[in-house]
Amino acid sequence: MRSTSYTGRPLRDLEFVDKITVSRIRRGDEWLIPHGWTVIEPNDILIFSGEFKVADRVKKLLSHQN
């Protein structure tokens, strides 16, 4: 997670969360099972799936450093 536009926000508040499925979050040395209230932190790695075009767009949004 490089985009500060999405850190500090729970998954349920992300505008694209209804188009992808977040299955795991890697935070440091831990693997988390995400829930809607899970807050995204800097350097989190999200493992998600979805329609190819949507997933590709989300990946670009999340990895864009700002």
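Strands are DSSP runs of at least two residues, and helices are DSSP runs of at least four; both are numbered from the N terminus. The model shown in every view is a predicted one.

**Figure 1. The loop between E2 and E3 at Asn 43.** Asn 43 belongs to the loop that joins E2 to E3. The backbone of Asn 43 has a phi near 75 degrees, which is a positive value in a residue other than glycine. Asn 43 has a relative accessible area of 63% and is therefore classed as exposed, the threshold being over 50%.

**Figure 2. The open sheet and the helix packed on it.** The sheet is open and consists of 3 strands, ordered E2-E1-E3 and paired in the antiparallel sense. Because E2 and E3 each have a single partner strand, they form the edges, and one side of each has no neighbour in the sheet. From one strand to the next, the twist averages 20 degrees. Helix H1, comprising residues 52-63, packs on the sheet and touches E1 and E3. The direction of helix H1 makes about 160 degrees with that of E3. In general, the strands of a sheet are paired by backbone hydrogen bonds, in either a parallel or an antiparallel arrangement.

**Figure 3. Pairing of strands E1 and E2.** Strand E1 spans residues 20-27 and is joined to E2 by 3 bridges in the antiparallel sense. Within this pairing, Ile 25 stands opposite Leu 32 of E2. Strand E2 itself covers residues 30-32 and includes Trp 31.

**Figure 4. Salt bridges between strand E1 and the loop from E2 to E3.** Arg 27, Glu 41 and Asp 44 are connected in a network of salt bridges. The side chains of Glu 41 and Arg 27 meet at 3.5 Å, N to O. Since Glu 41 is in the loop between E2 and E3 whereas Arg 27 is in strand E1, this pair ties together parts of the chain that are 14 residues apart in sequence. In the salt bridge between Asp 44 and Arg 27, the closest N and O atoms are 2.7 Å apart. Asp 44 also lies in the loop between E2 and E3, so its pairing with Arg 27 of strand E1 links parts 17 residues apart in sequence. The members of the network have the following relative accessible areas: Asp 44 is buried at 1%, Arg 27 is partly exposed at 22%, and Glu 41 is partly exposed at 36%.

**Figure 5. A salt bridge within helix H1.** The whole structure contains 5 salt bridges, and one of them joins the side chains of Lys 60 and Asp 56 at 3.4 Å, N to O. Both residues lie in helix H1, where Lys 60 and Asp 56 are 4 residues apart, about one turn of the helix. Lys 60 is exposed, with a relative accessibility of 54%, while Asp 56, at 29%, is partly exposed. As a general point, oppositely charged side chains can pair when their charged atoms come close.

**Figure 6. Surroundings of Leu 46 in strand E3.** Strand E3 runs over residues 45-50 and contains Leu 46. Leu 46 is buried because its relative accessibility, 12%, falls under 20%. Apart from neighbours within four places in sequence, the residues in contact with Leu 46 are Met 1, Leu 11, Val 22, Arg 24, Ile 25, Ile 40 and Leu 62. Lys 59 is 13 residues from Leu 46 in sequence, and their C-alpha atoms are 9.2 Å apart.

**Figure 7. Surroundings of Leu 11 in the segment before E1.** Leu 11 is located in the segment that precedes E1 and is buried, with a relative accessible area of 4%. Residues up to four places away in sequence being set aside, Leu 11 touches Val 17, Val 22, Ile 25, Pro 34, His 35, Gly 36, Thr 38, Ile 40 and Leu 46. Lys 53 is 42 residues from Leu 11 along the chain, and a separation of 20 Å lies between the two C-alpha atoms.

**Figure 8. A nonpolar patch on the surface.** Trp 31, Ile 45 and Ile 47 make up this patch, and together they have about 300 Å² of accessible area. Trp 31 is part of strand E2.

Definitions and conventions:
Residues are numbered from 1 along each chain as its sequence is written. This is a predicted model: local features need pLDDT of at least 70, side-chain atom pairs count only at pLDDT 80 or more; totals for chains, interfaces and linings use all residues. Side-chain values use heavy atoms; hydrogens and water are left out. Buried means under 20% relative accessible area, exposed over 50%, partly exposed in between (1.4 Å probe, protein chains only). Contact means heavy atoms within 4.5 Å. Patches are made of residues with over 30% relative accessible area and no salt bridge: like charges are joined within 9 Å, nonpolar side chains (Val, Leu, Ile, Met, Phe, Trp, Tyr) within 5 Å. Accessible areas come from the Shrake-Rupley method with a 1.4 Å probe; for residues, only the protein chains shown count as cover. A salt bridge is a side-chain nitrogen of Lys or Arg within 4 Å of a carboxyl oxygen of Asp or Glu. Two strands pair if DSSP finds at least two bridges between them. Axes are lines fitted to C-alpha atoms, for helices over the stretch in contact, and angles run from 0 to 180 degrees between N-to-C directions.
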